[in-house]
Each structure stands twice: as C-alpha cells, then as structure tokens.
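Welcome, and thanks for taking a look at this one. Please load the model and keep it open beside the text as you read.

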Amino acid sequence: MKREAKSSNLTEEDVKRYTRNFWKILIGLVLLGALFLLSVRIGIFGKLPTFKDLENPKSNLASEIITDDNRVLGTYYVHNRSNVKYSELSPFLVQALVSTEDKRFYEHSGIDYSRTLSTVLLTLSGNKQGGSTITQQLALNLFGEQRARSSVKRIMQKFQEWITAVRLERNYTKEEIIMMYFNTVDFGAYNTFGIKSAARTYFNTTPDKLTAEQAALLVGMLKGPGQYSPVRQAERALQRRNLVLSNMRNQNFITAEDYAKASEKPLGLKLTISNYGEGLAPYFRAVLKEEIKKEFQRLAITKPDGTPYDLDRDGLKIYTPINYKMQQHAEDAQKEWMTRLQREFDKQWKRRNAFTGKNANLLEKGMKRSDRYIALKAEGLSDAQIRKEFDKKVQMNLFTWKGNIDTTMTPMDSIKYTKLFLRNAMMAMEPKTGYIKAWVGGINFEHFKYDQVRLGTRQVGSTAKPFVYAYAIDNGYGPCVSIPNHSRTYGNWTPRGTQQGGDPITLKNAIKYSQNYASAYLINEVGAANVADLTKRMGVNSNIPNELSIALGSYDASLYDMVGAYSAFVNQGTWVEPTMILRVEDKNGAPIYEKAPKVLKALNSETAYAMVDMLKGVVDGGTGNRLRWDPNFGGLKNPIGGKTGTTNDNSDAWFIGVTPDLVAGVWTGAEDRGISFSSMQYGQGAAAAMPVFGLFMKRVYADKDLHYTQEDFPMPPGGITRFEMNCSNFSQFYGNDPGRTETPLTEDDRLGF
C-alpha cells in the first residue's frame, strides 16, 4: 500500500526529469564511446597505421631470384615470405578460408557484429570462441603486435583491430583483403610465412596449383601451426584438414562426392624445407647477392625514403638469365662425373700420405682458417691448447657424393678428409647476349662455400694458348702458316713439350695438339705485352705479366672471365660482358635496376672465325677428341670446339668448349695445388674437366624444351678474305690415315717452367 502511494506521488515533472537524465546518460555514453574511439583512432592508446602504411605495410618480405623460364630459383630472406596476387590463388584456398574462418565475409564491412555479440555471450558462459573476421585477423597480422596477454590490453588491441579492419574494408576490395591475408599468415615451422612459401614448403608447388585437400590442410594449420603441424602432429592435422573440407562442403563450395574423395586421401606431403644453401645454384645466388649490393651502391639506388634496399626484407624481384633446367643439367653432370672421378682419386691416396714433404704445413694452415680455430682463439686459448682440441673426437657431419653422413672424428682428421676432396666448377653462357645460363660454383655449398666460378682463380694452363694465336692471326699470320715446333731457350726460360703434329707445324695443328714449343715461339715473335693486352680486352681481369710464359698459362684467372673471353671467338670477335642480372623490380613491380652489359670489339670477325675453326680441330682429332668417341661422356656429333688445359703436376684441369649458341667452361682440382692426381690418365683437362662439359651438353641437346642449334658456326659477313683456312699438312702426324679420330694421351699441357 505504501509503495503504491509512493508511486502515485511521481509527478509529471519527475517523469520529465528522469527522461532527461536517461537521455543525458545515454548521449553521454555515446559521446564517451565516440570520444574513446576517436582517441583510439588518433593513436592516444597506441599508434595506428596511416593510409600510407596500409598501402605499404612493413613486413619482412623475401626477395625472389627468378630464372629466364619464370621459376623461382631461390630467395633471400629473414622471414621466408613471398607475395602472390589474388589471381595466383587456387579457388580452393579462398573457399577453405571463407568457409572456416568467416562465413559472412562477403556480407560484412570488416566487423561481423552478430558474430561478435554471440562470441561475447559464449565467452561469458565459459565456452570461449574466436570472433575475429578475416579482415580483423589481417589487421592484427599486418599492423598489430602479438596478441596481448593482459585482458585490458587485449580489449584495447581489439578496438584498434576494429578500426583498422573498417579502414581496410573502405580502401580495399574483398579480393585484395584475402590476397593480403594469405601473404601475411605465419605457418610456424621452417621459417614459413605466407601462402606461397607454405605451398612450396609442404607440397613443393605454387598456390594456384593447390588441390582442395592441400588447401584445406594449409588453411586448417592457421588455427595453430604447431598444434596442427602435418609433420609433427600428422593425425591431428588430418582431422583438422577434413573438418575444413566439411566446412567447404557445407557451404556448397565442393560436392559431397568431392568431399568424400578428398577426405580419404593421405596428407601427401612433399616437404621442401627452404634453406639458403639448398636448392639449385646456391653459389650463383650467393655471388649474385653481393653483386646486387655492389651495383646498388655504385649507382646510389635507394628506396623512395632514401634508405638502402634490404634484399632480405624488401621483397625485390631479381630477374636472371639462368635457365632452371640447364642449371639442373649442369649440376647433374657435375655429380655424375665427379662421383666417378673421386673414387679414382681416393684409390690414389688410399695408401699414401698427402701431408708430408711440400704439403707438410697444409693441415696447420687449414686448421688456422677454420671457424673452430677462430672461435677457440677468441676464447683465449693458446695454439698448443687449440691443437689439443683439434685432436679430440667430436660429432661431425661430412659430405659424400652419396649424401651427408654423421660420424665421430677429430677436427684435424676432418680437415684431412675435406682436403682430399676434388672440387669442380662450371659456367655456361650464350656468347651473343652474354646471358649466363648455368653456374655451378662448387661441389656442395653446405660444406664448401667458396665459389670457384667468379671468386676463385686458378692457373689456366693451355687454355691461355688461343689468345696467343688470336693475336698472331689478327696481325698477319694465317692458320696455315707453319712455325718451328722444337725446344728453344728464351732468356732463362726453356719450356718443355713434345713435337706432336710435326716440326714445323701449322698454327691450326699447334692448337689442335696443344704444342708448347710452337706456342712459345709464336709469343716470342708477336710480343708478350701484346698478347697480355688482348687477353685483358677479351675480359680476363687477372694480373697478366709481360712474360713469355703466359703463352702456356702461367697466370691465374677465374672461370667466369675465361668463359667470357672464349665467347668473343664465337661472337665474331665481340666480347659481351657475362650477365648475371637482367633487371630488379621492387615489391610492387616497379623497375629499379636494369643491367646494361659492356660490349667491346676485341678481334676482327675473320680472326674470330679462324679461332673457332682451330678450336673445332681440338675436338675433331686433337686433345679434346674424346668428346667424339668416348660413349661415357661424349658421342657428340654436332659442331663443337674447345681447349683443354692442365697445369704442372695436374694441379688444375680445364676445358672450355664452344658451340654456336653456348660456351661452357669447367675447372677441376683440389683445394690445395700440392694435392693432385699423380698421372695424366685422370689428372689432365681431357679427363678431369672435359667429361662434365660432355655430360652437360648431352643433356642440353636431349632436352626438347631447350632449342639450341646443332648447325655449324656461321661464317663472318663477307666470308674469309684474309687467309687460307684449309691447311694441306693435316696428315703430318697420322700419315695416310686422315680418318683416324683417336689420339694417344700426351703431356700436351705441361707448362715446364
């Protein structure tokens, strides 16, 4: 009764006052909420990204090295992340993501309010569920930090995500949001970021080729990359994959029949763990990285804000002339021959000590160059203490041609082991363009990181002889001119050699049989300084002394330079700088660098053709004739020229081969020149280097995807007018048997100085 009386005492004024207060509170709450959101928006509680930031999100984006056939050769990265376009995504990826993470993705504007409300109610009831849309998750991936553990901070972070999500929806299409989402997700293990990296890591494919079950597995992993790892938690990953497939079926993205087939399939992993030293052309990629840095610094190429580009973070696209299949052919050819050659090398040293006499200090030098020695020295150990450490057995991982092996041995024994491994390098390029098509800098990047194509230089031996003959022919001699071919002394130098091919001998046959006496005579006639100058004009950047012995290759040079120089013979006397890089684009596809190779006319076109003809003679009956008759690595019938080279004591074996469209060079030798084959049976250029060239070319010509001509070298414009090409004394060595193609092994490339 009292309550009713009191209620009846409310006046109209009281009702109006209560109503005014209600609206004041409501409007105040709305204003307070708006003010709070405005404060979040302007960054009072933490800086939000600007529109410029949205356009250019900061992330560690891997730079990609791309081959001439548009395949990714490798990446430079801190995080192994590469972007894809929406058109490069399999439809199954989009379907799996939307059906599992955000069913109303195409209906909301960044925030799904009904889902958010239901998530709050479920969380309050103890059934915690995620309520973030794809756009909100993208906001966290792109611009947020890791999820805050504090409830207060997480709430604040949630508001920041909401605002950023709405801004993303206003500035981007739904397709662009999905594209950015897949480019930013973290797949946890193996430093795998983004869908492109994940597709390559788990299935060795590209995102556009992912099947329904593959897409479902990767999308399923996003809930917890560790919890649903297909490698460590295979059963759980399979269940999660099938749940995603079920979602796709329920959303009518796939049929019930498709679901049944896909869910029955195994995980089907093709694990391809990205490692800088793994994959094709690791030596090329390592040298390329330093070359790009040098070029950017030389040309002052920087980002728009003036800071230097970071190849590990800025997502550059580096286009190279390397051909993916040719690179594979080169590496396969090396492995096939060097596996066999190493067995012969091991037999030779099995019962001999390689580290006595002149090689007695090799082990100590090797020890002092090792990372282990440097680390122990930094710890303050004396040389005597370090030496004791090197005699203690430890766990080792060693290279073999059958694969790496784990074993226990002393560090000193591991030095002995590695020093008795033959090294090998190869480079192939197109002479007309300068484009490098294959680059094999060593036998195993993980264990032997030093590049022997460009960084390493070794004594070139008889591969230097063509420069002497080229200068002579360019200055009045002809291929058919005869010169003395017997022992002479020049000052204090008396080269050693043989008289294979006769005495006197034509220039053509002197190259064919790699004659030292004739080559020494010729350089004495034309001048060592002139030959050195021509050699440098043809791209050999080594220190070439003004000495007669350079006719027999007494100087060191890189394989990179030598292949480039021989290419000038094929390219009618024009040297084109070997090209590693075609162009570089930024992450948005804008060009920032384009290579302009140097070009120089080094020889008369007729001289160059004469040299090619003489190099053909080396293969068609001279020191390189095993390419024709030996079925193990030869049997090549198309026009080929080349030059073998072998230095004193078989320390360095060379072969540089030329065809109308390709020039390729090979070097073989041990790390230390004092360790080598004891005989020329296996140690000369024709045996230790040339087989890799032969195996490579056999693969190239057998590959139907590669279209290199097997026609003859073209004549120079106007033909040959300066000298006679057909020499009459071909049968000097073989008598009346000009059809014979096999020559005996000779000491053709001994330097003798």
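Is S197 buried or exposed? S197 is buried, because its relative accessible area is 1%, and the cut-off for a buried residue is under 20%. Please keep in mind that this is a predicted model. S197 is found in helix α9, which spans residues 195-203. Leaving out residues up to four places away in sequence, S197 touches N80 and T192.

**The chain as a whole**

- The protein chain holds 28 helices and 20 strands.
- Of its 753 residues, 54% are buried.
- Among the contacts with a separation of 6 or more, 70% join residues that sit 24 or more positions apart.
- The accessible surface comes to about 34,800 Å², and carbon and sulfur atoms account for 51% of that area.

**Nonpolar cores**

- As background, nonpolar side chains tend to be buried together in soluble globular proteins.
- The largest nonpolar core here has 147 residues, and the members that touch the most others are W439, F467, Y469, F569 and F696.
- Helix α23 (residues 559-570) gives this core its largest share, with 9 residues.
- A second, separate core has 44 residues, including L97, V98, L138 and L217.
- Back in the largest core, F696 makes a good starting point for inspection. Setting aside neighbours within four places in sequence, F696 is in contact with M326, H329, A330, A333, M426, A428 and A664.

**Helix α19 and its surroundings**

- Helix α19 covers residues 465-474 and is mostly covered itself, with 9 of its 10 residues buried.
- The buried residues of α19 are K465, P466, F467, V468, Y469, A470, Y471, A472 and I473.
- Two of these buried residues, F467 and Y469, are also named among the members of the largest core that touch the most others.
- What do the buried residues of α19 pack against? Their partners are the helices α20 (507-512), α21 (516-526), α22 (528-537), α23 and α24 (605-619), together with strand β18 (641-646).
- Just after α19, G476 takes a positive phi of about 110°.

**Cavities**

- Rolling a probe the size of a water molecule over the atoms shows where empty space is left.
- In this model the count is 5 cavities of 30 Å³ or more.
- The second largest cavity has a volume of about 60 Å³.
- This second largest cavity is lined by 13 residues, of which L422, N650, T668, G669 and F677 are the closest to its centre.
- By class, its lining has 7 nonpolar and 6 polar residues, and no charged ones.

**Backbone points to check**

- For reference, most residues other than glycine have a negative phi, and most peptide bonds are trans.
- The peptide bond from D503 to P504 is cis, with omega near 5°. P504 is found in the loop between β11 (482-483) and β12 (505-506).
- Q572 is not a glycine, yet has a positive phi of about 55°. Q572 lies in the loop between α23 and β14 (574-576), and is partly exposed, with a relative accessible area of 26%.
- D649 is another residue other than glycine with a positive phi, near 60°. The place of D649 is the loop between β18 and β19 (653-658).
- Why does D649 count as partly exposed? The reason is that D649 has a relative accessible area of 42%, and partly exposed residues fall between the 20% and 50% cut-offs.

Key: Residues are numbered from 1 along each chain as its sequence is written. This is a predicted model: local features need pLDDT of at least 70, side-chain atom pairs count only at pLDDT 80 or more; totals for chains, interfaces and linings use all residues. Side-chain values use heavy atoms; hydrogens and water are left out. Helices (H or I, at least four residues) and strands (E, at least two) are DSSP runs, numbered from the N terminus. Buried means under 20% relative accessible area, exposed over 50%, partly exposed in between (1.4 Å probe, protein chains only). Contact means heavy atoms within 4.5 Å. Accessible areas come from the Shrake-Rupley method with a 1.4 Å probe; for residues, only the protein chains shown count as cover. A nonpolar core is a set of buried Ala, Val, Leu, Ile, Met, Phe, Trp, Tyr and Cys residues joined through side-chain atoms within 4.5 Å. On a 1 Å grid over the protein atoms alone, a cavity is a set of points where a 1.4 Å probe fits but cannot get out, and a pocket is an open set with protein on both sides within 12 Å along at least five of seven lines; lining residues have an atom within 4 Å of a point. Grid points are joined across faces, edges and corners, and a volume is the space filled by probe spheres set on the points. Ala, Val, Leu, Ile, Met, Phe, Trp, Tyr, Cys and Pro count as nonpolar, Asp, Glu, Lys and Arg as charged, and the others, Gly among them, as polar.
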